[in-house]
Amino acid sequence: MKYLLVIGDGMADNPVPQLHNKTPLQAANIPTIDRMAARGLTGSTVNCPPPLPAGSETAILSIFGCDPRRYFTGRSPMEAAAAGIPLLPGDAAFRCNLVTFEDGEMPLEKKRILSHSAGSIDGDSALESIDALLSDPRFAEALAAARMEIHRFPAFRQLAVQHSSDISGITLIPPHDHLGEEAGPLFPAGNQRAEVFARLMRLAHAILDRHPVTEKRRAAGKMPANGIWFWAEGTAIELPGFQAQYGMEGAVVSAVPLCHGIGVLRGLEMVEVEGATGELDTNFPGKLEAVWNKLQQYDFVCLHLEAPDECTHNGDLPGKVQAIEWLDSKLVAPLLARLEAAGLDHRVLLLSDHKTLTATRGHDGDPVPFLLYDSRQDSGNGGVYDEAAGEQGPFVENGCVLLDRLLDGKNDCSANQ
């Protein structure tokens with residue numbers, strides 16, 4: 001038996017007026033996923049239990065079978081695990097996004113956050129921008145005084161570690177949930193220790209805003225990487241071993257450090273695919289082959305697609321619909337065809353981790369639809385996979401039990417589990 005976990009990040013949504021009050025899932029042409037839904041079971045589940053953050057940091061923990069109310073200590077430690085960055089006692093990790101603030105002569109606090117990802121900055125440009133910042137003596141001195149270091153990555157997602165850190169009482173806000181808003185009210189706050197992060201953000205903007213690498217992006221008509229944003233603070237985390245719990249090994253195919261990090265902490269193999277960007281231009285053929293190759297090696301593989309989430313954050317509604325359709329046509333359809341041609345029995349859990357709302361370009365923790373499919377069975381439900389279909393099926397209160405349902409071979413998700 002092969003077990004496939006498919007996560008379409010942020011693909012669930014609310015009805016959108018531009019789509020004649022359909023959701024992107026309802027508007028998308030997903031014949032293979034709908035065929036699975038017709039033969040399988042659809043329902044809805046909560047992956048982001050209140051009062052925890054509505055985001056992948058809690059949702060994917062749930063999906064991987066770990067109750068975030070027990071295990072969540074912050075997002076960045078999971079990303080650090082994917083990068084092999086050890087966190088010592090007293091250390092705290094932080095996401096440090098390269099971001100775009102609006103241009104103008106007003107103070108940074110008055111500038112709006114235009115992009116949480118500096119316009120989906122490419123890897124080489126991200127390294128150029130972060131190197132320009134880290135090589136500036138003023139910033140290097142301020143970083144050292146804050147007992148911090150920034151680990152550079154070829155993406156908008158940089159990672160910071162503070163030694164001898166105390167993050168209690170500090171409020172750091174995700175930039176992707178506040179696009180188009182003034183930065184000042186969203187700055188690090190809560191106590192005096194938060195000011196060190198705000199000072200570094202102001203200094204980074206002063207250095208980067210008119211730096212030659214930033215002006216080069218403006219001249220090319222691209223969003224400038226003219227600032228940084230600290231968020232997703234957390235301390236070291238331990239998760240239960242996947243093999244000890246389920247008696248099997250497995251792999252995670254993703255472009256996102258968070259998803260890889262949770263897998264690593266559970267003892268799963270992290271599979272990186274060249275050209276996998278986390279955007280709509282990701283290497284779909286490469287991800288397909290990576291999943292198929294790992295299904296030859298393991299019985300369990302997780303396939304994570306970030307593109308629906310990033311398209312929504314970027315205000316790209318057609319892109320979100322396209323990402324969902326390509327999840328179906330470029331990944332799920334050929335994978336199922338290969339499994340069927342090989343005569344391999346298989347079970348699939350497919351779901352959105354959380355909602356990412358077209359209306360706000362931010363995350364939402366409301367229930368999301370899930371699909372549980374077994375190639376050996378036909379439920380006769382005859383439905384489709386979308387939010388409305390999920391609401392008509394069983395409601396699973398704790399999303400962390402769905403992985404058990406996938407791996408123990410049961411489809412009997414009764415209400416309010």
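**View 1. Salt bridges across the model.** The count of salt bridges comes to 27, where a salt bridge is a side-chain nitrogen of Lys or Arg within 4 Å of a carboxyl oxygen of Asp or Glu. This is a predicted model, in which local features need pLDDT of at least 70 and side-chain atom pairs count only at pLDDT 80 or more, while totals for chains, interfaces and linings use all residues. Residues are numbered from 1 along each chain as its sequence is written, and side-chain values use heavy atoms, with hydrogens and water left out.

**View 2. R35 and E340, a salt bridge between helices α2 and α14.** Here the side chains of R35 and E340 come together at 3.4 Å, N to O. R35 belongs to helix α2 (residues 31-39) and E340 to helix α14 (residues 317-341), so this pair ties together parts that are 305 residues apart in sequence. Helices, for these legends, are DSSP runs of H or I with at least four residues, numbered from the N terminus. R35 is partly exposed, at 35% relative accessible area, and E340 also counts as partly exposed, at 41%. As a guide to these words, buried means under 20% relative accessible area, exposed means over 50%, and partly exposed lies in between (1.4 Å probe, protein chains only).

**View 3. E79 and R75, a buried salt bridge pair.** Look for the closest N and O atoms of E79 and R75, which are 3.0 Å apart. Both residues of this pair, E79 and R75, are buried.

**View 4. K216 and E128, a salt bridge between helices α9 and α6.** The side chains of K216 and E128 meet at 2.9 Å, N to O. With K216 in helix α9 (residues 212-219) and E128 in helix α6 (residues 123-134), the pair links distant parts of the chain, 88 residues apart. K216 is partly exposed at 47% relative accessibility, and E128 is partly exposed at 33%.

**View 5. A salt-bridge network of D103, K111, D209, R210, E215 and R218.** These six names belong together in one close-up: salt bridges that share partners join D103, K111, D209, R210, E215 and R218 into one network.

**View 6. Cysteines without disulfides.** The disulfide count comes to zero, a disulfide being a pair of cysteine sulfur atoms within 2.5 Å. For C302, the nearest cysteine sulfur is that of C259, 4.6 Å away, and C302 is in no disulfide. C302 is buried, at 0% relative accessibility. C96 is buried too, with a relative accessible area of 0%.

Note on methods. Helices (H or I, at least four residues) and strands (E, at least two) are DSSP runs, numbered from the N terminus.
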